[in-house]
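Open the model in your viewer and keep the sequence panel beside it. The tour goes stop by stop, with something to select at each.

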Amino acid sequence: LLTNDGEAAEASTLAEELAAKLAERVGEFSELVVKQDDKAAMIYVEKLLGQGVPIESLFEDLLAPVARRLGELWSEDINDFFDVTTGIGRLQHIVRTFGRDFCDEGHLPLSSRCALLMPLPGEQHTFGISLLRENLLREGWRVWCGQCTMMDEVVQLVKIQSFDMVGLSGSALLDPAALAVD
């Protein structure tokens, strides 16, 4: 609990310093998740956690930028589809493994808030949804995740179930007309 502006400013400065230190590791960890095995990635993360890096910072300041970097490496033809898929798979494994710890760190408020998180039809990029899901679970939300093949499926789900938030994720909107719903 922060009791004054000085402590809040100090906490903010520490968070910014930690984010900068993790940003320096993005290239290294991007290479590790592509070129080494699952065990090496887990050891790397466990070492950071053992050094006191909060899981929230790890997710937001390292894993999310690494996922973006892997996408850049693919776009630049430095890594192929298999490399990027392998790397993202390792990031997903880390989120699933340590997501439980992420939720256990704080008090989970009882909540009736419910969220629906889905990629747009045909979307393959779901890592961001995984991170958002972990954040919402930590805050006590009930979270529904899934895939759909047509926007009509999302509309039907929202009609039969009440959601406080609907989050749809897409990396590129190539055919906006495909999202139209009658």
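Helices (H or I, at least four residues) and strands (E, at least two) are DSSP runs, numbered from the N terminus. With that in hand, place serine 30: it sits in helix α2.

Some ground rules before going on. This is a predicted model, in which local features need pLDDT of at least 70, side-chain atom pairs count only at pLDDT 80 or more, and totals for chains, interfaces and linings use all residues. Residues are numbered from 1 along each chain as its sequence is written, and side-chain values use heavy atoms, with hydrogens and water left out.

**The whole chain**

Select the protein chain. It holds 7 helices and 3 strands. Along the sequence they follow the pattern α-α-α-α-α-β-α-β-α-β. Colour by accessibility: of the 182 residues, 35% count as buried. Buried means under 20% relative accessible area, exposed over 50%, and partly exposed in between (1.4 Å probe, protein chains only). Now turn to contacts, meaning heavy atoms within 4.5 Å. Among those between residues at least 6 apart in sequence, 76% join residues at least 24 apart.

**Stop 1: α2 against α4**

Select residues 26–35 for helix α2 and 55–75 for helix α4. Their axes come within 9 Å and cross at roughly 70°. Axes here are lines fitted to C-alpha atoms, for helices over the stretch in contact, and angles run from 0 to 180 degrees between N-to-C directions. That crossing makes α2 roughly perpendicular to α4. Angles under 35 degrees count as roughly parallel, over 145 as roughly antiparallel, 65 to 115 as roughly perpendicular and the rest as oblique. The crossing of α2 and α4 is right-handed: the near helix is turned clockwise from the far one by less than a right angle.

Show the side chains in the contact. From α2 come Val26, Phe29, Ser30, Val33 and Val34. From α4 come Asp61, Leu62, Leu63, Pro65, Val66, Arg69 and Leu70. By class, this contact has 9 nonpolar, 1 polar and 2 charged residues. Ala, Val, Leu, Ile, Met, Phe, Trp, Tyr, Cys and Pro count as nonpolar, Asp, Glu, Lys and Arg as charged, and the others, Gly among them, as polar.

Is serine 30 buried or exposed? It is buried, with a relative accessible area of 1%. Leaving aside neighbours within four places in sequence, serine 30 is in contact with Val66, Arg69 and Leu70.

Go across to valine 66, in helix α4. Valine 66 counts as buried, at 0% relative accessibility. Beyond four places in sequence, it is in contact with Val26, Phe29, Ser30, Val33 and Leu91. Draw a C-alpha to C-alpha distance from valine 66 to valine 33: 9.1 Å in space, for 33 residues in sequence.

**Stop 2: α3**

Select residues 38–50. Helix α3 has 13 residues and reaches 18 Å from its first C-alpha to its last, close to the 18 Å expected at 1.5 Å a residue. The expected span is 1.5 Å times one less than the number of residues. Which residues of α3 are buried? They are Ala40, Ala41, Met42, Tyr44, Val45 and Leu48.

Centre on valine 45, at 0% relative accessibility. Not counting residues up to four places away, valine 45 touches Phe29, Leu58, Ile94 and Phe98. Its C-alpha is 8.1 Å from that of isoleucine 94, 49 residues away in sequence. Just after α3, glycine 52 takes a positive phi of about 95°.

**Stop 3: α4 against α6**

Keep α4 and add residues 127–138, helix α6. The two axes come within 10 Å and cross at roughly 170°. That makes α4 roughly antiparallel to α6. Glu56, Phe59, Glu60, Leu63, Ala64 and Ala67 of α4 meet Phe127, Leu131, Glu134, Asn135 and Arg138 of α6. The contact has 6 nonpolar, 1 polar and 4 charged residues.

**Stop 4: aspartate 77 and glutamine 92**

Aspartate 77 is in the loop between α4 and α5 (81–104). Its phi is near 60°, a positive value in a residue other than glycine. Most residues other than glycine have a negative phi. Aspartate 77 counts as exposed, at 68% relative accessibility.

Finish on glutamine 92, in helix α5. Glutamine 92 is buried, with a relative accessible area of 14%. Leaving aside neighbours within four places, it is in contact with Thr126, Phe127 and Ser130. The C-alpha atoms of glutamine 92 and phenylalanine 127 are separated by 6.7 Å, at 35 residues apart along the chain.
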